[in-house]
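Let's take a walk through this structure together, from the overall fold down to individual bonds. Keep the 3D view open and rotate it as we go.

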Amino acid sequence: DVRMLHTLNEDCTKDIATLCNGTEHGEGRVLACLQQHRADIADDKCKMQMLRMMGLIVEDHRLDYVLAKACLADVQQFCAGLQNGSGGPGAVHACLRKSSDHLSPGCQEAEAELEAMEHADVRLNPRIQKECPLAISMFCSDIAAGNANVMTCLQQSSSKAHFPENCRIIMASLLERSSLKYSLNIKLKAACDTDVAKLCPDANDEPESAIDPGVLGCLTADSSILSKPCRTELSALVRVHLNRYRIGLPLTSPCDGDVLARCNVDKQVTPFIMGGYIQSCLSKSFDKLHKPCWALLSMFDEGQFKAVTVLESKPWTAELQKEAIDKVASQVTVQLRRELEPKIIANMHSNIKTAVELQHGLIRPLLFGLTNAVSLLLVVVVVLALLAWYVWRKYMTPNSRLNAQGRTVAIKDGRV
């Protein structure tokens, strides 16, 4: 009951009256209402109280009455060993999501809502809060929290040099999850819900099988007729996934055949290839790409996309393909070069620095020994020089010879 949370109830009195008028108190109903309308909360103090409350909920499922009640049987069945908090913050939520296909409908819905909130605001994601503060300060310090702003920034920066490795692993895991589920791509969902309602009304939020494209696959297939805001967000997301290519993902599946045929990789290899390799490979084979892949890569340029829209109504002949390629290949090459050159240069600098440090470690003992030998040789030379000077001074100067000639000698018979 929100009335038992004195500070929250006091700071949110006006918003409760405005947003949750008529909602009955008890059983977490008012708190759930505030969560649902969090974006509409007017009072800054109430916003902070709700953020604090939801931060506790994502760490401990028992603090969300609605979720805890809906998932009681599921937690006992799938996550019994984690009920006492032994798995750390958010462990029960992570466990339930691994078994999402087998959860009861109520629990499945409650977890989906909470997971979307974690993707919308990094402050509500325990793993990001633990592993990514340094990455946020390095790459996203000027980005306002909320509305998936920082999450998007981290996704786009995760392939850059010097990005903290622990955070990179977390971002790869979150990106893998959102690459299948439309509702976890917060910015895309806000821009594309109208297009989805019109073009993909029966598509699933998440593919149910290998042949099910889901909403993301549907948007990619119809990319040439999307609204401009939707196309802009979709192209930004496609760019992230092209940089971190995986075979079989809805957003990049139009290029799977070209990648397998022309880039010397297979499904098992793609998770281990260097970021940007697939983009570079496809740009080199641009004149041989199939139409769907060519259209996907053309999303990054407004002029190219207009050309794609025109070409949608024409048969894809060899002559038409050549004409289109001549118009856009140079632009795509420039775009890819702009993205890849800084990464290549950063990698080269890193490799050169490592090589120099390695060589320095090997040469140092040799230099130390050579210095000692030279020092010893100098000492010997100085000693010899002093000895030579002494001999010359004593026996070779005129005074020395005169003294030798003027000596008094006693002869054996007494004469002098």
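Helices H11 and H12 make a good place to begin: the two are roughly perpendicular to each other, because their crossing angle falls in the range from 65 to 115 degrees. One thing to keep in mind from here on is that you are looking at a predicted model. H11 covers residues 149-157 and H12 covers residues 165-178; their axes come within 10 Å and cross at roughly 110°. On the H11 side the contact is made by Met151, Leu154 and Gln155, and on the H12 side by Met171, Leu174, Leu175 and Ser178. Sorted by class, this contact has 5 nonpolar residues, 2 polar ones and no charged residues.

Now move towards the N terminus, to helix H3 (residues 29-36) and helix H4 (residues 44-59). Their axes come within 11 Å and cross at roughly 105°, and H3 and H4 are therefore roughly perpendicular to each other. H3 brings Leu31, Leu34 and Gln35 to the contact, while H4 brings Met50, Met53, Met54 and Ile57. In this contact of H3 with H4, 6 residues are nonpolar, 1 is polar and none is charged.

With those two pairs in view, zoom out to the whole chain. The protein chain has 21 helices and 0 strands. It has 416 residues, of which 38% count as buried. How much of its contact network, at a separation of 6 or more, comes from residues 24 or more positions apart? Such residues account for 55% of those contacts. The chain exposes about 24,400 Å², and carbon and sulfur atoms supply 58% of that area.

Next, switch on the cysteine side chains. A disulfide is a covalent bond between the sulfur atoms of two cysteines. How many disulfides does a search of the whole structure find? The search finds 10, and we can visit three of them here.

Start with cysteine 71 and cysteine 107, joined by a disulfide with an S to S distance of 2.0 Å. The link is right-handed, with 105° about the S-S bond. Cysteine 71 sits in the loop between helix H5 (65-70) and helix H6 (72-78), and cysteine 107 in helix H8 (residues 105-120), so the pair ties together parts that are 36 residues apart in sequence. Are these two cysteines buried or exposed? Both cysteine 71 and cysteine 107 are buried.

Further along, a disulfide joins cysteine 200 to cysteine 218, with S to S at 1.9 Å. This link is left-handed, with -85° about the S-S bond. Cysteine 200 lies in the loop between helix H13 (186-199) and helix H14 (214-221), and cysteine 218 lies in H14 itself, so parts 18 residues apart in sequence are tied together by the pair. Cysteine 200 and cysteine 218 are both buried.

The last stop is the disulfide between cysteine 255 and cysteine 293, with S to S at 2.0 Å. The torsion about its S-S bond is about 100°, so the disulfide is right-handed. The pair links distant parts of the chain, 38 residues apart: cysteine 255 is in the loop between helix H15 (228-243) and helix H16 (256-262), and cysteine 293 is in helix H18 (residues 291-297). Both cysteine 255 and cysteine 293 are buried.

Conventions
Residues are numbered from 1 along each chain as its sequence is written. This is a predicted model: local features need pLDDT of at least 70, side-chain atom pairs count only at pLDDT 80 or more; totals for chains, interfaces and linings use all residues. Side-chain values use heavy atoms; hydrogens and water are left out. Helices (H or I, at least four residues) and strands (E, at least two) are DSSP runs, numbered from the N terminus. Buried means under 20% relative accessible area, exposed over 50%, partly exposed in between (1.4 Å probe, protein chains only). Contact means heavy atoms within 4.5 Å. Accessible areas come from the Shrake-Rupley method with a 1.4 Å probe; for residues, only the protein chains shown count as cover. Axes are lines fitted to C-alpha atoms, for helices over the stretch in contact, and angles run from 0 to 180 degrees between N-to-C directions. Angles under 35 degrees count as roughly parallel, over 145 as roughly antiparallel, 65 to 115 as roughly perpendicular and the rest as oblique. Ala, Val, Leu, Ile, Met, Phe, Trp, Tyr, Cys and Pro count as nonpolar, Asp, Glu, Lys and Arg as charged, and the others, Gly among them, as polar. A disulfide is a pair of cysteine sulfur atoms within 2.5 Å.
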